[in-house]
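Here are my notes on the structure you sent round, in numbered points. Have the coordinates open while you read.

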Amino acid sequence: MHDRGSHVASTDREADFTAYVRARQASFARFAYLLTGDPHSAQDLVQSALAKVYGRWEHISTVDSPDAYVRKVMVNEHTTWWRRQWRHRERTDSELIRVHEPAAVAQATHDEDLWSHVRSLSPQQRAAVVLRYYEDLSEAQTAEILGCTVGTVKSHTSRAIKSLRATMTEVTS
Amino acid sequence: MSLDQDERELRAMLHQRADAVDVHGDLVPGAVSRRRREVRTRAVAVAVVAAAAVAVAVPTLWSAQGPGPSPVPALPTTTAPTTPTPTTPTPTTPAPTRSTTASTAPAPRSGAIATRDTAYALDDTIRFGGTVLRLEKGTVVESFAVLANGGFVLQSHLSTGTPDSEIEILSPAGRTVRAAGQSGAYAVSPDGMRVLVKDGSANTVVVYAADGTVVGQRQDAREVGAIVGDVAYLTGDTSEGSLEWDVATGQTMKLPPHLVAVSPDRTRAALQWFVATDAMDDVCWAVVDLTKPTFPRTVERCGAGENPTLFMPTAFSANGTYLVGSHYVDGGFWFSAGVVRVTDGQVILGGTGGQVVSGWTWHLGAGESTFRISRNTSEPLSPATSNSLQACSLSMECTDAQPPVDLSERGGFTEARYVVPR
C-alpha cells in the first residue's frame, strides 16, 4: 500500500530540488566546464553530482549554503574520476551544455594558451584556481570545499600561478 | 582579494570561458532519473544479499567441451553451450537474485581453478581454461583479482544502473560470499590470502580472508595502499601520513605519506603524489627503504623530467625487481602500461610516442618477464575501437591470447571488454 504522506513529501522534495537546480544550473554548468574543460564531461559531472545531491536533498536544503555543498560534490567527483584508472561515463544523448566560441579579441591567442595550461593542471590545483579566481571564494572557503587546509590552498594557487607565469613567459618569448 | 596582473588575466580568462557556456534545457530530469536508477539497483542488490547472501554476481557455469581453446568471446546475448550440472542441492527457498540464471551453480570441475595467468573477464563473464562464470547480465567488470583459493575479488557495476561500483569477494564458483562495499578500493596480498578493502562511504578499512571472513578492521580515514601477508598499509596525505597496520597483532607504525605499494618482502614501498611544478603536469613517485627508521628515498622521479610520461606505480613485481603501473595518457580515459626498475628507476616498459603500450588492465607475470594485457589495438589508438587480450614479453613481442573484439558498438566509449586480473 502506498503511503500518501511519503508520496507528498517526495513530490515536495522534487519540486524544491527542481526549483533550486533550475535557478542555479547555469552556474553549476559553468563551474563544471571550468573543472573538466569540455561540455560533455561537464554535463556528466553536473548530473552525476546532482544525482548525489538529490539523494540527500532533505539534509542539504537545510544548510546555509547548498551551493558550497554542490560544488564540493562536483570537485570530489571530478577528482575521483581522474584518479581512477577506470571511470564510468553515463551516455548523454542530449547536449544540454553547450559552449560558444569565445569572441575574437586581441588577447585570443594568449587566452587560449592560458586556458590550455589551466586545463593541464591537476584536478585539485584546477579546482583551487577556479574556486579562487572564478568563484571568488576566500582561501578558507576554498579549503572547506577541497577538504584541505588553507595552507594547501595557498600552495595550490601559488604554484599554479607560478607555473602559469613560467609557461606564459615561454610562450610570449 | 588583491590581485596582481597575472591573477587578473587568469580571472578574466576564466570568466570569459565560463560566459561562453549555456544550458539548453533542464538538468533536473537527468539527475533525478539517474538517482532513481541508482536507488532501484541498490534496492535489488540489498534484497539479494538479505535474502540469500547469494550473488550480485550469480554465475551460470558451464564447461567447454574438450581441451580446445577457450570459448569464443561472446556478447552477453550468447547462450550457454551446455546445461549446468549442479553439484549442490537446490535451496528449499529460492533466492531472489538480480540474475535470471539459476540460483545454484555447480562448483568448477575438478582442476578447474582460476589462476592469475589463466583468468580473464570478457563483458559479463569471467573465464579460465574451459570454464565460464556468467555474472549477472549487464555486469561491467572494472577490475578483478584471483585469490589463493581460486576465488575472486570483483569490482563492478551494472551497465544500466548506478555509476557507483561494488566490491565483492566471490567463491571459486563465482558466488558472492562477501559484499565488501561500494565505490571503494581494494588491494590483494601477493599470496592471494588477504584482501584489504575500504568502502567508499565510510571510514572503515577491513581485511578479509580469501573465503570472505573478516580478519580485522579499523576505523581510519586513510585509503587503501597495499597488503602483504597480515600487514596492511593505508595511504594518507602529508597531514596524517601512511600507516602500517599488523592485523594479527593490532600494532601500527606511521609511514611516509602517499604510499601506494609495498614490495613482497616488505622492505620497500612506493610513493606517488601530486605536486605543482613549473612543468605542465605534476606527478611524482619514489621508492623508500622501509628497513631504515628514516625511510630514505632510494629513487625519486619528479617534475619536468618526468613529462609527459607520468608514471604512476600501482604494485611491485613478484620478486620486487620492478614497479609496475601506468603512464598517464589522454586525460585518464585509457592508460599505457609501464614498468620501471626499482633500483634505479629506469623505464623498462612504456613511455610516449612509439613506446605507448595502450590498454586498460594488465599484470606482469610471476617470472617478471612477460605480461598479459587487455590492449587497445585500435589504429589510431584514439578513439579506441578494438580490444585484444594479449600476452607480451617486456621487449614487446606480443601474441593474441584471445581474438580482438570490437568496441565500436559501445557508443564510442573507450571502456575495455577484456579485463585482466590484477
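1. Chain A exposes about 8,300 Å² of accessible surface, and carbon and sulfur atoms account for 49% of that. On the burial side, 50% of the 173 residues in chain A are buried. Keep in mind throughout that this is a predicted model.

2. What does the secondary structure of chain A come to? There are eight helices and one strand. Going along the sequence, the pattern reads α-α-α-α-β-α-α-α-α, so four helices precede the strand and four follow. As for the contacts in chain A between residues at least 6 apart in sequence, 69% of them join residues at least 24 apart.

3. Now the core. The largest nonpolar core has 53 residues. Those touching the most other members are Phe17(A), Leu34(A), Val46(A), Leu50(A) and Met74(A), together with Leu10(B) and Leu14(B), so the list takes in residues of both chain A and chain B. Helix H1 of chain A (residues 4-36) supplies the largest share of this core, with 10 residues.

4. Met74(A) is a good place to zoom in, being one of the core residues that touch the most other members. Which residues is Met74(A) in contact with, once its neighbours within four places in sequence are left aside? The answer is Phe28(A), Phe31(A), Ala32(A), Leu35(A), Leu45(A), Val46(A) and Ala49(A). Val46(A) also appears among the core residues that touch the most other members.

5. On to charges: over all chains, the structure holds 18 salt bridges. One of them is formed by Arg11(B) and Asp136(A), whose closest N and O atoms are 2.6 Å apart. Arg11(B) sits in helix H1 of chain B (residues 5-19), while Asp136(A) is in the loop between helix H6 (123-134) and helix H7 (139-146) of chain A, so this pair joins two chains. Arg11(B) is partly exposed, at 26% relative accessible area, and Asp136(A) is also partly exposed, at 38%.

6. Another salt bridge has its two side chains in chain A: Glu139(A) and Lys154(A) meet at 2.9 Å, N to O. Glu139(A) belongs to helix H7 and Lys154(A) to helix H8 (residues 150-172) of chain A; the two are 15 residues apart, and the pair links distant parts of the chain. Are these residues buried or partly exposed? Glu139(A) is partly exposed at 23% relative accessibility, and Lys154(A) is partly exposed at 41%.

7. In chain B, the side chains of Glu300(B) and Arg297(B) form a salt bridge at 3.1 Å, N to O. Glu300(B) has a relative accessible area of 37% and is partly exposed; Arg297(B), at 44%, also counts as partly exposed. Back in chain A, salt bridges with shared partners join Arg132(A), Glu139(A) and Lys154(A) into one network.

8. Chain B has an open sheet of four strands in the order E10-E11-E12-E13, with antiparallel pairing. Its edge strands are E10 (185-188) and E13 (214-219), each of which pairs on one side only. On average, and with direction ignored, neighbouring strands of this sheet are turned by 15 degrees against each other.

9. A closer look at one strand pair of that sheet: how many bridges join strand E12 of chain B to E13(B)? Five bridges do so, with E12 covering residues 204-209 and the two strands running antiparallel. To find your way in the pairing, look for Val207(B), which stands opposite Gly216(B) in E13(B).

10. Finally, two backbone spots to check by eye. Phe295(B) has a positive phi of about 50 degrees although it is not a glycine. Phe295(B) lies in the loop between strand E20 (283-289) and strand E21 (297-301) of chain B, and counts as buried because its relative accessible area of 15% is under 20%.

11. The other spot is Glu368(B), a residue other than glycine whose phi is positive, near 60 degrees. Where is Glu368(B) found? Look in the loop between strand E26 (358-364) and strand E27 (370-376) of chain B. Glu368(B) is buried, with 8% relative accessibility.

Definitions and conventions: Residues are numbered from 1 along each chain as its sequence is written. Chains are lettered from A and ligands numbered from 1 in the order in which they are written. This is a predicted model: local features need pLDDT of at least 70, side-chain atom pairs count only at pLDDT 80 or more; totals for chains, interfaces and linings use all residues. Side-chain values use heavy atoms; hydrogens and water are left out. Two strands pair if DSSP finds at least two bridges between them. Axes are lines fitted to C-alpha atoms, for helices over the stretch in contact, and angles run from 0 to 180 degrees between N-to-C directions. Buried means under 20% relative accessible area, exposed over 50%, partly exposed in between (1.4 Å probe, protein chains only). Contact means heavy atoms within 4.5 Å. Accessible areas come from the Shrake-Rupley method with a 1.4 Å probe; for residues, only the protein chains shown count as cover. A salt bridge is a side-chain nitrogen of Lys or Arg within 4 Å of a carboxyl oxygen of Asp or Glu. A nonpolar core is a set of buried Ala, Val, Leu, Ile, Met, Phe, Trp, Tyr and Cys residues joined through side-chain atoms within 4.5 Å.
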